[in-house]
Amino acid sequence: MSDDDIWSEDEVIDPEEAQEYLRQVQESDGFDVDYFHNSYARIKPFQLNDEYGYTHDMELYGRLGLHCYNLHKGTNLKLIDIHKYNTELFFGYYITLEAVDTYTNSPCTFQTCLVPTGPRTTSIGPQRRWEDEVIDDFYKSEMPNWLTKEELAAANDKGQYYELQESDLLGNEWLHLYAEFALSLNWRGYAMKNSILRRFLPLKIKKVIVHTRESGEESPHLKLKANNAIFYMSFKGNSDHPSGKPVEYQAIVRKTMDGKPGHIRLEVQSWAGLESQPT
């Protein structure tokens with residue numbers, strides 16, 4: 001970030017204040033920054049309060065950061081609380097949260113940076129820049145269509161497909177995170193989305209098929225650990241309809257990783273289906 005990038009010519013700038021802002025951004029990597037009123041201060045802290053706390057979207061973002069870390073490090077960090085987060089204009093969020101490693105019962109402070117939307121390639125600095133060129137072109141095309149009945153029937157016979165078993169669903173809780181992202185997508189644009197979403201939880205995952213070009217013939221369930229994979233998911237959630245019937249959803253989640261520690265990309269398509277009878 002250069003001085004020329006952060007303010008306009010028409011604005012009266014206090015040089016000392018501007019330098020203090022730059023110092024805080026550089027020293028904390030954007031996570032610990034005071035509130036500055038000038039337009040050059042693109043990173044601003046969001047004030048959490050006891051009445052509302054953080055939104056469900058922010059919880060998903062924090063859990064995604066932990067999930068990515070767990071994939072790289074083999075840990076099992078779980079979200080306890082979000083202490084604070086900063087927002088950056090036209091970019092994303094810097095989240096500071098509290099987590100615990102359930103393997104060791106050790107608490108820790110964790111920081112993660114997230115870009116909710118944007119082009120595949122970003123120019124946000126060498127450490128955070130997404131290395132799109134290392135990703136197989138198969139995972140960079142348009143999102144695939146839902147599998148046909150014929151493809152579903154033959155899924156287990158194709159070396160690149162694996163239908164998850166019950167033990168897979170129980171042993172990989174992060175699949176619920178993917179489903180919650182898909183649910184959130186269905187409510188995009190609703191003003192009260194974050195207050196509504198929690199009513200639909202918990203979700204019940206019915207079926208997942210994973211498609212990847214990475215190896216796993218010896219142990220097909222290892223396809224779950226692939227760096228690049230497409231997940232075809234069907235699940236249902238609670239409903240606020242007077243009938244109480246759960247709502248069926250389908251989602252396609254494409255996960256890619258560019259090999260940089262802490263980097264993960266999720267692309268999601270989701271559809272809400274017909275209500276089903278409670279089971």
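Here is a short walk through a predicted model, from its confidence to a helix pair and a few backbone oddities.

Start with how far to trust the thing. The chain has an average pLDDT of 83, and 81% of the residues reach at least 70. The weak spot to flag is residues 119-123, where pLDDT is below 50, though this stretch still has 15 contacts beyond near neighbours in sequence. Where pLDDT is low, the predicted coordinates shouldn't be read in detail.

Now look at helix 2, residues 56-73. At 1.5 Å a residue, its 18 residues should span 26 Å, and the end C-alpha atoms do sit 26 Å apart, so the two agree. Helix 2 is mostly covered, with 14 of its 18 residues buried. Just after the helix comes G74, with a positive phi near 75°.

One partner of helix 2 is helix 5 (residues 174-186): the two pack at an angle of about 145°, axes 11 Å apart, and their crossing is left-handed. On the helix 2 side the contact includes L60, Y61 and L64, and helix 5 brings in residues including W174, L177 and F181. Tallied up, the contact residues come to 7 nonpolar, 4 polar and 3 charged.

The loops have some backbone quirks too. D29, between helix 1 (15-28) and strand 1 (43-46), has a positive phi of about 60° without being a glycine. At 36% relative accessibility, D29 counts as partly exposed, because that value falls between the 20% and 50% cut-offs. N105 also has a positive phi of about 60° and isn't a glycine; its loop links strand 3 (92-101) and strand 4 (106-114). With a relative accessible area of 63%, N105 is exposed.

Finally, the L201 to P202 peptide bond is cis, omega near 0°, and P202 lies in the loop between helix 6 (193-197) and strand 6 (204-211).

Note on methods
Residues are numbered from 1 along each chain as its sequence is written. This is a predicted model: local features need pLDDT of at least 70, side-chain atom pairs count only at pLDDT 80 or more; totals for chains, interfaces and linings use all residues. Side-chain values use heavy atoms; hydrogens and water are left out. pLDDT is the predictor's confidence in each residue, from 0 to 100. Contact means heavy atoms within 4.5 Å. Axes are lines fitted to C-alpha atoms, for helices over the stretch in contact, and angles run from 0 to 180 degrees between N-to-C directions. Helices (H or I, at least four residues) and strands (E, at least two) are DSSP runs, numbered from the N terminus. A crossing is left-handed if the near helix is turned anticlockwise from the far one by less than a right angle, and right-handed if clockwise. Ala, Val, Leu, Ile, Met, Phe, Trp, Tyr, Cys and Pro count as nonpolar, Asp, Glu, Lys and Arg as charged, and the others, Gly among them, as polar. The expected span of a helix is 1.5 Å times one less than its number of residues. Buried means under 20% relative accessible area, exposed over 50%, partly exposed in between (1.4 Å probe, protein chains only).
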